[in-house]
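I opened this notebook to record what I looked up in the structure, entry by entry. Each entry notes a query and what I found.

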Amino acid sequence: MLLEELVWILETMLAFPGLTVVDDIAKLLLPELEESKLSPMQSFPDEASSLRPEARQLSVLKSRLMLAMLHAARESGDSDGFNIWKSQLDETPDSDLSPDDRCWFLHEQVLFNLERRRRDNALTLLNHLRQASGVKADPYWLARVGALFGELGLTERGQGLVQAALQGIRESIQAEGET
């Protein structure tokens with residue numbers, strides 16, 4: 001329950017926590033991730049079994065929290081922290097990341113590489129993000145991808161992606177209005 005509440009707070013507050021809070025979360029989450037590789041929640045009391053989250057739900061929540069920690073590390077310029085959370089997320093099964101979470105993960109990596117002036121790495125990751133921002137992901141991801149291509153000087157490609165994204169967004173809004 002606490003993990004679910006923490007993820008909800010991080011997603012809805014529109015700003016990520018300060019470095020002290022991030023450090024506290026990291027100190028609690030990293031050992032939990034290492035321990036959960038060995039034995040999944042064996043110490044959960046039987047009396048509270050109705051409160052026990054399903055293993056899949058818990059994995060998804062942990063993945064979302066790791067994404068928030070990855071973002072916080074990138075925003076604060078903590079390369080070591082970013083690499084720790086990236087390696088944790090690299091080990092996460094694909095089924096634990098929704099299409100939008102997969103896009104978020106790639107987006108953070110693109111920005112990390114751009115901030116470090118690694119244009120080739122950023123472009124490679126941006127192409128992966130372009131593939132991930134397909135049909136199942138939120139159409140706004142395609143607009144973000146187009147904007148990043150524009151920032152990298154590939155303006156025609158970026159403009160085409162932004163136009164396609166806006167068309168998809170318009171169609172989604174119209175379809176919702178008709179239902």
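**Entry 1. Leu58.** I looked up Leu58 and found it in helix α3. The model I am reading is predicted. I asked whether Leu58 is buried or exposed. Its relative accessibility is 14%, and since buried means under 20%, Leu58 counts as buried. I then looked up a pair that is distant in sequence: Leu58 and Asp96 are 38 residues apart along the chain, and 9.3 Å separates their C-alpha atoms.

**Entry 2. Overall composition.** I next recorded the secondary structure. The protein has eight helices and zero strands, and the pattern along the sequence reads α-α-α-α-α-α-α-α. Of the 179 residues, 36% are buried. I also looked up the contacts between residues at least 6 apart in sequence, and 61% of these join residues at least 24 apart. The exposed surface comes to about 11,100 Å², of which carbon and sulfur atoms supply 54%.

**Entry 3. The largest nonpolar core.** I asked which residues touch the most other members of the largest nonpolar core. They are Leu89 and Leu126, in a core of 32 residues. I then listed the helices that each supply at least two residues of this core: α3 (55–75), α4 (79–90), α5 (99–115), α6 (119–132), α7 (140–151) and α8 (155–178). Helix α5 gives the most, with seven residues.

I followed Leu89 further. With its neighbours within four places in sequence set aside, Leu89 is in contact with Ser63, Met66, Leu67, Leu70, Leu97 and Phe105.

**Entry 4. The second largest pocket.** I looked up the volume of the second largest pocket and noted about 200 Å³. Its lining consists of Arg64, Arg74, Asp100, Asp101, Trp104, His107, Glu108, Leu111, Trp141 and Arg144. I asked which helix supplies the largest share of this lining. It is α5, with six residues. Helices α3, α5 and α7 each supply at least two lining residues. By class, the lining divides into three nonpolar, one polar and six charged residues.

**Entry 5. Glu108.** I singled out Glu108 from the pocket lining. Glu108 is found in helix α5. Its relative accessible area is 2%, and therefore Glu108 is recorded as buried, the limit for that class being under 20%. Apart from residues up to four places away in sequence, Glu108 touches Leu70, His71, Arg74 and Phe82. Of these contacts, I note that Arg74 is also listed in the lining of the second largest pocket, and that Leu70 also appears among the contacts of Leu89.

**Entry 6. Ser79.** I looked up Ser79, whose place is in helix α4. Its relative accessible area is 27%, so Ser79 is partly exposed, a class that lies between the buried limit of 20% and the exposed limit of 50%. I asked what Ser79 contacts once its neighbours within four places in sequence are left aside. The contacts are Phe112 and Arg116. For the first of this pair, I also recorded the spacing: Ser79 and Phe112 are 33 residues apart in sequence, and their C-alpha atoms are 8.6 Å apart in space.

**Entry 7. Arg117.** I looked up the backbone of Arg117, which lies in the loop between α5 and α6. Arg117 has a positive phi of about 60 degrees, although it is not a glycine. I also asked whether Arg117 is buried or exposed. At 77% relative accessibility, Arg117 counts as exposed, because that class begins over 50%.

**Entry 8. His128.** My final query concerned His128, which is found in helix α6. The relative accessibility of His128 is 45%, so this residue counts as partly exposed. Between His128 and Val110 I recorded a separation of 18 residues in sequence and a C-alpha to C-alpha distance of 9.7 Å.

How values were computed. Residues are numbered from 1 along each chain as its sequence is written. This is a predicted model: local features need pLDDT of at least 70, side-chain atom pairs count only at pLDDT 80 or more; totals for chains, interfaces and linings use all residues. Side-chain values use heavy atoms; hydrogens and water are left out. A nonpolar core is a set of buried Ala, Val, Leu, Ile, Met, Phe, Trp, Tyr and Cys residues joined through side-chain atoms within 4.5 Å. Buried means under 20% relative accessible area, exposed over 50%, partly exposed in between (1.4 Å probe, protein chains only). Helices (H or I, at least four residues) and strands (E, at least two) are DSSP runs, numbered from the N terminus. Contact means heavy atoms within 4.5 Å. On a 1 Å grid over the protein atoms alone, a cavity is a set of points where a 1.4 Å probe fits but cannot get out, and a pocket is an open set with protein on both sides within 12 Å along at least five of seven lines; lining residues have an atom within 4 Å of a point. Grid points are joined across faces, edges and corners, and a volume is the space filled by probe spheres set on the points. Ala, Val, Leu, Ile, Met, Phe, Trp, Tyr, Cys and Pro count as nonpolar, Asp, Glu, Lys and Arg as charged, and the others, Gly among them, as polar. Accessible areas come from the Shrake-Rupley method with a 1.4 Å probe; for residues, only the protein chains shown count as cover.
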